[in-house]
There are 4 protein chains.
Amino acid sequence: MFFHIDTKSNAPLYEQIIQQVKEMCAKGLLTPDERLPSVRELSSHMVINPNTVSKAYQELERQGIIVTVRGRGTFISKKTDRTSDPGRLKAIRESLKEAVIENYYAGYSKKELIKLLEEVYEEMEGKTDEN
Amino acid sequence: MFFHIDTKSNAPLYEQIIQQVKEMCAKGLLTPDERLPSVRELSSHMVINPNTVSKAYQELERQGIIVTVRGRGTFISKKTDRTSDPGRLKAIRESLKEAVIENYYAGYSKKELIKLLEEVYEEMEGKTDEN
Amino acid sequence: MFFHIDTKSNAPLYEQIIQQVKEMCAKGLLTPDERLPSVRELSSHMVINPNTVSKAYQELERQGIIVTVRGRGTFISKKTDRTSDPGRLKAIRESLKEAVIENYYAGYSKKELIKLLEEVYEEMEGKTDEN
Amino acid sequence: MFFHIDTKSNAPLYEQIIQQVKEMCAKGLLTPDERLPSVRELSSHMVINPNTVSKAYQELERQGIIVTVRGRGTFISKKTDRTSDPGRLKAIRESLKEAVIENYYAGYSKKELIKLLEEVYEEMEGKTDEN
DNA sequence: GTGGTCTAGACCACC
DNA sequence: GTGGTCTAGACCACA
């Protein structure tokens, strides 16, 4: 598959996988019911330890992003199946807060930061609902 | 002093200190030339090891947020002394990207996300210039 | 490995390690992608504390000289991955200035000093490009 | 007097004083038999601790750069009075070696480095013997 | 008093 | 196995 890992990053490999699956979902590159490569496929393809992939899948399943069907494989969840995690809002705020703090040191204005957010948003969106 | 550590967080203690110092600077609660508590003061107050505080201070100095003056203590840097790190912009984008992805799963609209950013921004700012 | 520490030197141990790694890179004794001894290996071999080695490695990573890959070890960076630090030039001038001042007291001429620089330069270089 | 200290530098204050006295001698701004300000004068003028100045003067005397005459003050030594320290050559080589290593990472050529040395040399020299 | 360095030894996350 | 974090406690240089 199509993940790129950055060994120099300080983010653990399994986190990078998680992040990229989520990103591809958000971008519409992975759609509900689509099948993900098996742990073995992915691990051999990416030349990393199967345990690492397995850990990423487990965490993705815990977050309700994917489901594994025994003997059939792992699939992207339907939107309706997703647990609406109340912690999600807190996570968003946390990320935004970090951005605002870094923005303070970068010296950009509020308008510029918002513009940046819109840019990032547009880069991301595939067929996500427009509004 | 005024730091609180979250033992449940997976972020290391020294990172939490770094983050909070930066946050307080951004909020205007710490102003240039203001003196931070000494390593010993802070460590005993927070009931953590002096080395941990020291590590946080050293990293903050590396980022140009604070300066340590031998034998006198550590102080918030002047704005002009800050090194304008070009990696800062990348860090902002990264944080925003995370927010956008989480936002996708939370199901909010783009407008709502921007509104959230503005909220977070306003919570943060003290008397920093408005724009 | 191949490091020697000078207990009489007033330079901290971790600085001595840093300096020697950089020197060996410059000499071509350490080449890109080459693996450095693990923290434990090196610390037990040099009979110093693992933390001290770790600190040296972390600083080297900050300078872009080495990269650490989680769970696999630390490696010499590729030349292309090095961050071109603008402060580097200032550091060179600083070292040269010190040399010139000491040279004044030693009573050598300018020509002799330049000759000395060339000597040191040649001792250093292995098969690095000649110019 | 005319020293500028950099509190942000990691070099200790007394080292900075030593360095500047030596630099001014090399530049010819301080000449043999010239009187230096007293410890008290200098310390009050620079707003630093007298002990710090005192330590600097002691080290300068140990190196034979200055002499103190009880009750009369401290003076720059005559050239002939200087002890020709055999360790001086080693110190020069050490400084040059550092420069060469940093030069390697900066990516300059040998010629450029030599040119830089000449620049630094010329900035320095006042009426030092030309050759 | 301040911060910086080093040691010894523990625990953890990651691979 | 790897490096990263944290603690406890010591010693030192500097101001």
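This is a chat about a predicted model in which protein chains meet two DNA strands.

Student: Before we start, how are residues and chains labelled, and what counts in a predicted model?
Tutor: Residues are numbered from 1 along each chain as its sequence is written, and chains are lettered from A and ligands numbered from 1 in the order in which they are written. Because this is a predicted model, local features need pLDDT of at least 70 and side-chain atom pairs count only at pLDDT 80 or more, while totals for chains, interfaces and linings use all residues; side-chain values use heavy atoms, with hydrogens and water left out.

Student: Okay, which residues come nearest to DNA strand E?
Tutor: Of the 24 residues around DNA strand E, those that come nearest are A:Leu13, C:Leu13, C:Asn49, C:Asn51 and C:Arg70, where a residue is near if one of its heavy atoms lies within 4 Å of the strand. Of the atoms of DNA strand E that come within 4 Å of the protein, sugar and phosphate account for 66%.

Student: What lies 2.7 Å from a base nitrogen of that strand, DNA strand E?
Tutor: That is an N or O atom in the side chain of B:Arg40, a polar contact (a pair of N or O atoms within 3.5 Å; within protein, one must be able to donate a hydrogen and the other to accept it, and residues adjacent in sequence count only if both atoms are side-chain atoms). Phosphate oxygens of DNA strand E take part as well, with one 2.7 Å from an N or O atom in the side chain of C:Tyr14 and one 2.9 Å from a backbone N or O atom of B:Val39.

Student: And how many nonpolar, polar and charged residues are on the surface near DNA strand E?
Tutor: There are 8 nonpolar, 11 polar and 5 charged residues, with Ala, Val, Leu, Ile, Met, Phe, Trp, Tyr, Cys and Pro counted as nonpolar, Asp, Glu, Lys and Arg as charged, and the others, Gly among them, as polar.

Student: Now DNA strand F: which residues are closest there?
Tutor: The closest of the 24 residues that surround DNA strand F are B:Leu13, B:Asn49, B:Asn51, B:Thr52 and B:Arg70. Sugar or phosphate holds 67% of the atoms of DNA strand F within 4 Å of the protein, and the rest belong to bases.

Student: Which side chain has an N or O atom 2.7 Å from a base nitrogen of DNA strand F?
Tutor: The side chain of B:Asn51 does, and an N or O atom in the side chain of B:Tyr14 is 2.7 Å from a phosphate oxygen of DNA strand F. From chain C, a backbone N or O atom of C:Val39 lies 3.0 Å from a phosphate oxygen of DNA strand F.

Student: Switching to the protein, how many residues of chain B are in contact with chain A?
Tutor: 42 residues of chain B are in contact with 42 residues of chain A, contact being heavy atoms within 4.5 Å. About 4700 Å² is buried between them, with 68% given by carbon and sulfur atoms; this is the accessible area (1.4 Å probe) that two parts lose on being put together, summed over both. On the chain B side, B:Tyr104, B:Tyr105 and B:Lys110 lose the most area to chain A, together 16% of what that side buries.

Student: Is A:Thr52 buried or exposed?
Tutor: A:Thr52 is buried, with a relative accessible area of 18% (buried means under 20%, exposed over 50%, partly exposed in between, with a 1.4 Å probe and protein chains only). Leaving aside its neighbours within four places in sequence, A:Thr52 is in contact with A:Leu13 and A:Tyr14.
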